[in-house]
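This report looks at how two helices pack against each other in a predicted model, and then turns to aromatic pairs and to one loop residue.

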Amino acid sequence: MFCKAGKSRSNPEQASRERRVGQGGCVRTLTGWWQKPFSVGKNVWAGMSLASMNIPQVLGYARIAGMPPVTGLYTVLFPLVAFALFGSSRHLVVAADSATAAIFSSALSEMEPVGSAAYIHLVSAVALLNAGFLLVARLCRLGFLADFLSRTVLVGFLAGVGVQVSISMLYDMAGLDVSSHNTVVQFVGFVRAGAHMHPLSVGISCMACAILLYGARFFPGRPVALGVVLGALGLSWLLGLAQYGVTVLGPMQGGLPHFAVPVVSWQQLLALLPVSASCVFVIIAQSAATSHAFAYRLHETVNANADIMGLCAANAAAGLSGTFTVNGSPTQTAMAVQAGGTSQRAQLVFAAVTLCVLLFFTGPLQYLPRCILGSVVFCVAVGMIDTAALNHIRQESPGEFRLALVTMATVVSIGVEQGIFIAIALSLFRHVRHSYRPHTMVLKPDPATQMLEAVPVRAGEQTAPGLVVYRFCADLFYANCSLFAEDIEVLLAGAPTPVRCIVVDCSAITDIDYSAASVVRDVLLRLHTRGVRVIFGRVASYALVDMERHHIVSALGEGNVYAQLHQAMASAEQTVAQQLHRPQARP
């Protein structure tokens with residue numbers, strides 16, 4: 001029998017893992033990735049390759065945000081360093097992102113003229129508000145939301161982002177202008193624009209892709225992309241590719257950012273709150289999905305709450321340095337991993353290279369062909385589609401494979417942020433569906449071994465004459481409690497020998513809600529009226545607390561709750577034996 005115990009749900013393994021990873025403090029997190037084994041040279045080369053690929057890309061994100069091009073470089077300066085110090089992910093690159101840029105630019109363009117000083121103040125204010133919301137999220141420990149992203153969803157998410165980015169990069173590779181943000185529309189437009197492609201840009205892109213793919217196949221971890229970018233930069237300058245119609249980045253200003261608090265009115269601040277809230281939802285979901293996806297791929301662990309703190313620090317640095325909202329970027333993180341980065345040291349090298357570019361090398365950047373940038377990003381995006389993982393999921397779980405495909409299709413057809421939320425909803429729906437119709441079984445002795453074996457519930461099944469051992473393989477809640485009542489009725493109505501006792505194996509029942517408790521009490525009342533004794537076996541201490549609170553224990557009666565199944569069965573067999581050998585009363 002039981003001694004009363006509190007309802008404890010602590011997980012020692014999880015607590016130990018949290019102690020190892022840290023709770024998000026700067027010192028713990030910094031120590032976590034700083035002391036990992038790493039190759040200094042490998043991270044230096046990875047950081048330089050990352051800079052060569054991402055510096056032109058963040059300039060394009062600045063254009064989406066409606067900000068001066070140099071502010072794109074500012075996003076990979078102080079914000080990048082801030083996340084490296086406070087975040088836990090060893091690979092997540094936090095910088096400019098097209099999703100958040102599109103969210104706030106569309107809203108703020110209706111408040112102030114794009115590119116004006118007032119517009120820039122609003123953009124920086126949104127970044128500071130994001131930092132405030134993220135700080136609240138960290139204090140509330142909302143990192144648990146990342147637990148709702150299953151590995152299946154993460155594989156589908158990265159594959160969808162890979163398809164989305166690769167299609168958008170085809171335009172830069174062909175010397176075309178993107179006319180839509182929707183991936184499906186982009187693909188149709190690209191097919192229709194075949195006659196308008198720039199032949200020289202297409203040829204340069206094909207050559208660059210061939211070198212990049214060959215390098216990734218035969219020289220993994222080497223800075224092949226860095227060589228391609230530097231080589232293209234030199235050829236463009238020497239040959240003057242711009243005069244042949246090849247689109248280049250063009251001139252841009254340099255210099256360091258000026259730290260200042262953006263000036264906005266109280267009315268404007270209130271109007272920015274919903275914009276910031278939308279950005280924060282995307283930041284948390286996309287960053288968590290990206291960091292967990294690469295941690296899963298590389299067999300590492302991350303602390304979602306520490307990453308939220310890192311994102312908070314990064315957005316605060318962005319708002320104070322006059323740039324725009326930063327986010328965990330799937331594409332740039334994939335670049336860091338493919339370049340061979342093993343820790344945030346690669347990102348710090350990236351920030352150092354960006355600093356040098358801002359101070360000394362903004363001039364040469366103007367000669368970089370956009371088709372080269374598109375080719376680099378295209379190859380990275382294709383690498384994000386993990387066909388091997390998708391094939392493993394398909395072989396082991398066709399249902400989860402379909403979930404991965406739906407996630408991928410949603411990201412491609414609707415968008416990254418919508419894809420994440422729909423994927424979470426589908427994962428939860430799939431879990432609820434399994435809990436709604438759980439497996440239920442009857443335990444019967446095997447004819448050969450006499451050991452108890454589980455068989456599906458159906459009419460006529462009994463453990464022994466007059467005895468049924470019934471197992472319900474899920475928590476009891478409002479959506480599945482009717483199945484419990486239906487199974488009991490089926491087992492009693494079709495029994496070849498009148499059932500004298502039912503033993504409920506409660507090993508899988510850890511929680512009972514109010515609605516389910518009401519149904520269980522009704523079932524117990526009907527069974528007692530029919531003279532059937534009900535015994536609960538394998539009842540855990542926390543389930544017993546629920547049963548006592550919902551008066552199920554009192555409805556069962558004294559001596560009908562056991563911690564072990566064999567104890568419950570021994571008591572049940574004694575009851576059945578007494579009932580079967582009781583002399584019949586004369587009429």
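Helix H5, which spans residues 78-86, packs against helix H15, residues 345-361, at an angle of about 160°, and the axes of the two helices lie 9 Å apart. Because angles over 145 degrees count as roughly antiparallel, H5 is described as roughly antiparallel to H15. The crossing in which H5 passes H15 is left-handed.

On the H5 side, the contact is made by Leu 80, Val 81 and Ala 84, while H15 contributes Gln 347, Leu 348, Phe 350 and Ala 351. Sorted by class, the contact of H5 with H15 comprises 6 nonpolar residues and 1 polar residue, with no charged residues.

Turning to the aromatic rings, the structure holds 9 aromatic pairs. Two of these pairs are set out below.

| Aromatic pair | Geometry | Centre to centre | Between the planes |
|---|---|---|---|
| Phe 360 and Phe 361 | edge-to-face | 6.3 Å | 70° |
| Phe 477 and Tyr 478 | edge-to-face | 5.4 Å | 85° |

The pair formed by Phe 360 and Phe 361 is classed as edge-to-face because its planes are 70° apart, where the class requires an angle over 60 degrees. Phe 360 has a relative accessibility of 59% and therefore counts as exposed, whereas Phe 361, with a relative accessible area of 44%, is partly exposed.

In the pair formed by Phe 477 and Tyr 478, which partner is buried and which is exposed? Phe 477 has a relative accessible area of 18% and so is buried, the cut-off for that class being under 20%, while Tyr 478, at 60% relative accessibility, counts as exposed.

Ring pairs also link Tyr 214, Phe 218 and Phe 219 into a cluster.

The remaining residue to consider is a proline. Pro 364 is found in the loop between H15 and helix H16, the latter covering residues 370-383. With a relative accessible area of 36%, Pro 364 is partly exposed. Although Pro 364 and Trp 237 are 127 residues apart in sequence, their C-alpha atoms are 8.2 Å apart in space.

Taken together, H15 takes part in the packing with H5 and also borders the loop that holds Pro 364.

Methods: Residues numbered from 1 in each chain as written. Predicted model: local features only at pLDDT ≥ 70, side-chain atom pairs only at ≥ 80, totals over all residues. Heavy atoms only, no water. Axes fitted to C-alpha atoms, helices over the stretch in contact; angles between N-to-C directions. Helix = DSSP H or I, 4+ residues; strand = E, 2+ residues; numbered from the N terminus. Parallel < 35°, antiparallel > 145°, perpendicular 65-115°, else oblique. Left-handed = near helix turned anticlockwise from the far one by under 90°. Contact = heavy atoms within 4.5 Å. Nonpolar A, V, L, I, M, F, W, Y, C, P; charged D, E, K, R; others polar. Phe/Tyr/Trp six-rings, centres within 6.5 Å; stacked < 30°, edge-to-face > 60°. Buried < 20%, exposed > 50% of the residue type's maximum accessible area, 1.4 Å probe, protein only.
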